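Hi,

Here is the structure I said I'd pass on. Have a look first, and then read on for what turned up in it.

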Amino acid sequence: MGVALARAAQWTSASSGACRLELTRVNEALLRDVVRFVEQFSARHPREAKLVFKEPLRWKTSLRASDFTTEYDISGSCVQSRDSDGDGRPLLQLTPPHVSVCCFDQLTRLLQLANDRKLKEVRACLEANRDPVVQMLGPTFAMVEGEDSSTLRLLDRLKEDSQSGEVEVEVRLLLILQQLDTQLLSSSLQQLAQEVSLSPAAVRRDVELLKRLCAGPEKALKSVDYTSDSAGYEFSNGCRSPPSSQVHGEIASLLIEPCDSEPLFITCSTAGVFLNAGVQQEAEEKACDRRSDVHKDLVSLLKTKSRHFAKSINKQDFVVQEEPPTTLEPHVEAVDVEAASQTLRLHEHQEKNALKKARQQPAPNKSGSEKKLEPSLKWKNLGLQSPHEVAEEKKARKSGGERATESQRKSPRSESKVKASRSPLPGRLSSSKIKTSGGGTGTEDFSASSSESDGDEESERRGESHTDLPSDYWQIQKLVKYLKVGNQTATVIALCSMRDFNLAQEACQLAIRDVGGLEVLINLLDTDQIKCKIGSLKILKEISQSSQIRRAIADLGGLQTMVLILDSPDKELKCLAAETIANVARFKRARRTVRQSGGIKRLVELLACVPGDRSVTSDRERDVEVARCGALALWSCSKSSRNKEAIRKAGAIPLLARLLKVPQTNMLIPVVGTLQECASQRSYRVAIQTEGMIKDLVKNLNCDNQELQMHCASAIFKCAEDKQTRDLVRKYDGLRPLVVLLTQASNKQLLSATTGAIWKCSISMENVAKFEEYKALEMLVGLLTDQPEEVLVNVVGALGECAQRPGNRATIRKSGGIPPLVGLLTGTNRALLVNVTRAVGACAADPESMTIIDRLDGVRLLWSLLKNPNPDVQASAAWAICPCIENAKDAGEMVRSFVGGLELIVRLLKSENKEVLASVCAAIANIAKDEENLAVITDHGVVPMLAVLTNTTDDQLRRYLAEAVAHCCTWGSNCVAFGEAGAVAPLVLYLHSKDPAVHRATAQALFQLSRHPNNCITMHQSGVVKPLIDMMGSSDKILQEAAAGCVGNIRRLALANDKARYG
C-alpha cells in the first residue's frame, strides 16, 4: 500500500502545507479500490483481520459518538471498542476529532459505520499515514528505494520461530498488502493511459471556438480573453503562459465570463482544464492553485459551471476539425567526422549563403504592418521564439540547408549522422536538440524545462542586442562549428584559437552559448584525449564567471562530468576541473549537484596531495596547486549547511589545518575562506580550537594581503563565540593586529570582519583591558559615522561590551560617542538596534553620560523601541531603560512625561518571550520606586499580570519578577491583591533556586507580602520558615534583613493568634 501511495497517488506540493491527495480521477479510483479492499478484508482474511498493528492508525475523522452502535463503549463524545489488545488498550478509540484503529477488523467496522463518508475517511487516513505498513507491521517494513528485503527478513523470523502463529499471520498480511500494491499500481496505470493530455493547438482551437460563441443575440458566453500574463506573447511551442509556469505543464490562462455566473479564471494545462484562484489586483501574481476538478477540455468545464452555456452548446451544430499533423524537425546530433577539411568548407559555404540571404531580405513595411510583440530577453534566452521569428530563421537557412541535404545524399558517411544546425539569432538558445554525453538534449519542451531560482545567486544580466555585437562574436561562432565537425587536431587548434579571444567579455560568452558551444565543450570532457579535455576546461573555467553560463553548465550535466575528472591521474586536469567547479558552484542547485555526485569526498582528497616536507620542487608545486584548486571548490560548496557537514565527515578539518601552515598566500586564501564559512557550525569551531588553528589565523593577521587578513578576521569573529577561543586570541597576541587593522577604513569588507572580531573578543573583560591599552575605544568611536550597517553593528556591539567597565564609559563620553549612539536609535536594522540599545544602556550607568542621553531625548527613543515587533529589540530596549531610570535626575517626572509609556510597558507583560518578560519586570521594579508611577501602573493592572507569571521556572525571570513584586507591594492594597491572585505560594518555591540573586529578590518580596496576615498563613503552609532561617545566616546583609523581617512577621502573627486563643 505504501508503494502505491508513493508512486501512483498524486499529492499536493509540500510548499502549500501538509501534503494531501489531489482531487483527480486517478486518486478517486485508488481510494475506491482501497475502500473495497478494506470492506471485504474481514470476510476474506479473518485471521489477518484480528492481527493487532504495531502502532495504531490515527487520523482526523468526521465521525462522532452518535454514529457508533451499542457494540462500543460510549462516554460522552468519546468512544472505545470493547475488544482490546494484550496490554488492555482498546482496538478502536475515538477522541474527537481524532480516531485510532489497531486492526483491520475495526477498520472494516468503521467503514460500515461511515456510510456515504467512506471515501472521506479513507482519504484522511491515508493522508495522515503516508506509509501505513509501518504502523501495521513496524518500521522495518518502511518503503525503501531499490531492493526491498523486508519480506526476506520476515521469512527468516518465521524460520527461527516456526512455532509462533503470529509471525505466520504477519507474513500472510504482508503478502496480501503487497498484492494490493500491485493491483493499485496496475489500475492507476490503466487510468493514466486513458487520460489524454491537452496540447497547445487544442487549447487554441477551443478558445477560437468559444470566442465565436460570444457573438449574436443568443450568445453562449459574454466574453473569452487571455489573462494579462498570457495575452502578450505566444511562444514557438504554442504556449502563452510564462516559462516559470510552463515548467509545471501550463499552456495558457483564461478569463471567461458566462452569462449566468461570476467570471471564471481558468488554467489550461497538459493535464486538463481547471479553475484557479484568479487575480485580485493588477500587480498581484496569478494564483495558480487549483480550485476545482480537472476537466478534459474547456467545453466540459463550462458545462458544469454554466447552465446557460450547457443549453446553448447543445442547440448549436459544430464541426470539430481534427488537429493537423505536426511536422517533425529532423533530430540533430553532434557528429564526429574525420575528414575535417571538407566538412569545414561546407560549413563555411553554408554560413556565407545564409548570411547573404538574410541581408538580401527586404525590410518589412512599418506603416502597413502591425506592431509585433517581442518576448523579454530572458525568455528569448530560454529558446522560446515566436512563429514569425521561426519562419524568418528557416527562410534564412533555406539555401544552406538544401546544399547540406544534397551533400548528405552523396556522402555515405553522412547518411547515419546529421550535421549540427546553424544557431538562431544571437540572444537565444538553439531550438535544435544537440545530444549530450548523458544522452539528454540541450533543450527541452515546455513541460520539462527547468527555471529553478536560487536566493543566493546574483541576478541574471540581460543579453546584448544582436545588432551591437562585435566581430569576435561571429568569429567565435565559426570556431565552435569547427569544434563540432573537426578531428582531434582541428579540435585542439579550434580550442587554442578560441582562447586567444577575451572570454571574459559577455559577447564572447554569448557566442559560445548561442551556437551550442557549451554542449560541445562538455561533450569533449567525455573523450579520451587529454589535450581536448584540458582545452575545453580552460575555456569553461573562463566563461563560467557568467551566471547564465554557470546555470547552463549545471543544466547540461557538466558538473557530474567534472566531478569524475577529479579521479584523473593528470594533475592539470584535476586543477582545471576543481577551479571550474568552484566557479559553477556559486548557486544552491549546483552545490547540491556536487554533493550528490560524490564531489565533496573527491575534493577533500585533493587537499591531501601536499606532502608533509617543506622541500621546494616542481612536483610539490604542482601538488600545492592541486590542493589550492580543491580548496577553492570546497570554499564555494561550503556555503551550504549540508555540504559543511559532508566536508567534515570527509575528514577535511585535519587537512585544512595542515594547509594553513603553508607559506603561499594564494593557498591560504581559499583554505581560510573555507574555514570561516564553516565556522558558523559549533563542531567546526571546536575543531579549529583543538587542531591549533587559532595560532595560524592570528599569525596571518600580520600578513600584507588584505583579502587573507579579512578571512582570518572573519574566522576569528565566528570562532570567538566560545570563551576558549577568545583566550587563545589574547594568548597568541592577536588583539593588537586587530586594532591595527581598524586603520584600513577604506576596505569595508576588511573593516567589517575586523570590527566583528573585536566585538566578539571584547565579551571577555580581560580582552577589554587589552583594548583599553591599545586605545581601541577612541578608534571605534571614530567609526560610528559614515559607515555601512554591517560595520556599525559590529562597532556598536564592541562599544557595548567595553562599556560594561566603568572607566570605558567616560572614555566613550569624552571621545564624543554618546550623540552618534543616540542617533542610531532611530534606525531600522534589528541587529543594530539590539547592539545600540545595549551600548546606550551601559553608558547610562554613568551620570554625566546619562545627562547627555536625556538632553538628546535618548530615553524617549528607547521607550519607543518597546513598540518594535521584534522581541530581541523589545528586551534590549527594556534593559537599557533600567539604568536610565536609576541615574536620571528626576526619573519619576521623566517617565510620566511619556504619553502612554506606562501602559505600553505593562502591556508587554503579556509577551511570550522570557527575555522580554524579565527585562520588563526589571523596568517595572525601577518605575515602581516612584509612588505616582506605581499608582498609574497599578491602575493598568500590573498586579494580576505579575501574579500570572509567578509559576515560571526561569531563574532570570524569577529574580526580576520578585523585585517587581517587592516594589509594587508598597502601594495601597497591592499586597492583598497579590495574595488573592495566588502569587505567594509560587514565590516560596523560588527559595529553592541555586541562584543567590533569586534568593535575595524573593526574600524582599516575601517580606513585603508578609505584612498581610493571610499571606503569612499561606507562606507558613508552603514551608517558608526553614529556608528563611537558613538565609538569615547569609553574608548578604540585604538578604539577612529581608529573611529576618519575614520570619518576624510570621512569628508575630502566630503569637497574636495564640494570645487571642488562650488569653
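What percentage of the residues of the protein count as buried? Of the 1063 residues, 50% do. Bear in mind as you read that this is a predicted model.

A few overall numbers to start with. The secondary structure comes to 57 helices and 10 strands. If you take the contacts between residues at least 6 apart in sequence, 69% of them join residues at least 24 apart.

Next, the empty space inside. There are five cavities of 30 Å³ or more, and the largest has a volume of about 150 Å³. That largest cavity is lined by 15 residues, and the ones nearest its centre are Val 34, Val 38, Leu 107, Val 122 and Cys 125. The elements that each give two or more residues to its lining are α2 (25-44), β1 (57-60), α4 (104-114), α5 (118-128) and α6 (132-137).

Now the cysteines. The structure holds zero disulfides. Take Cys 102: its sulfur is 7.2 Å from the closest cysteine sulfur, which belongs to Cys 103, and that is too far for a bond. Cys 102 counts as buried, at 7% relative accessibility. Cys 629 is in no disulfide either, with the nearest cysteine sulfur, in Cys 575, 4.0 Å away; a disulfide needs the two sulfur atoms within 2.5 Å. Cys 629 is buried too, with a relative accessible area of 0%.

Glu 677 is worth a click. You'll find it in helix α30 (residues 665-678). Which side chain of opposite charge is nearest to Glu 677, and how far away is it? It is Lys 639, at 4.1 Å, and Glu 677 is buried yet has no salt bridge. The cut-off for a salt bridge is within 4 Å. Leaving aside residues up to four places away in sequence, Glu 677 touches Trp 635, Ser 638, Lys 639, Lys 644 and Lys 718.

Finally, some backbone details, all in loops:

- The peptide bond from Pro 96 to Pro 97 is cis, with omega near 5°. Pro 97 sits in the loop between β4 (92-95) and β5 (98-101).
- Asn 115 is not a glycine but has a positive phi of about 55°. This residue is in the loop between α4 and α5, and is exposed, with a relative accessible area of 52%.
- Asp 786, also a residue other than glycine, has a positive phi near 55°. Its place is the loop between α38 (776-782) and α39 (789-802), where Asp 786 is exposed at 75% relative accessible area.

Cheers

Technical notes: Residues are numbered from 1 along each chain as its sequence is written. This is a predicted model: local features need pLDDT of at least 70, side-chain atom pairs count only at pLDDT 80 or more; totals for chains, interfaces and linings use all residues. Side-chain values use heavy atoms; hydrogens and water are left out. Helices (H or I, at least four residues) and strands (E, at least two) are DSSP runs, numbered from the N terminus. Buried means under 20% relative accessible area, exposed over 50%, partly exposed in between (1.4 Å probe, protein chains only). Lys and Arg count as positive and Asp and Glu as negative; His and the chain ends are not counted. Contact means heavy atoms within 4.5 Å. On a 1 Å grid over the protein atoms alone, a cavity is a set of points where a 1.4 Å probe fits but cannot get out, and a pocket is an open set with protein on both sides within 12 Å along at least five of seven lines; lining residues have an atom within 4 Å of a point. Grid points are joined across faces, edges and corners, and a volume is the space filled by probe spheres set on the points.
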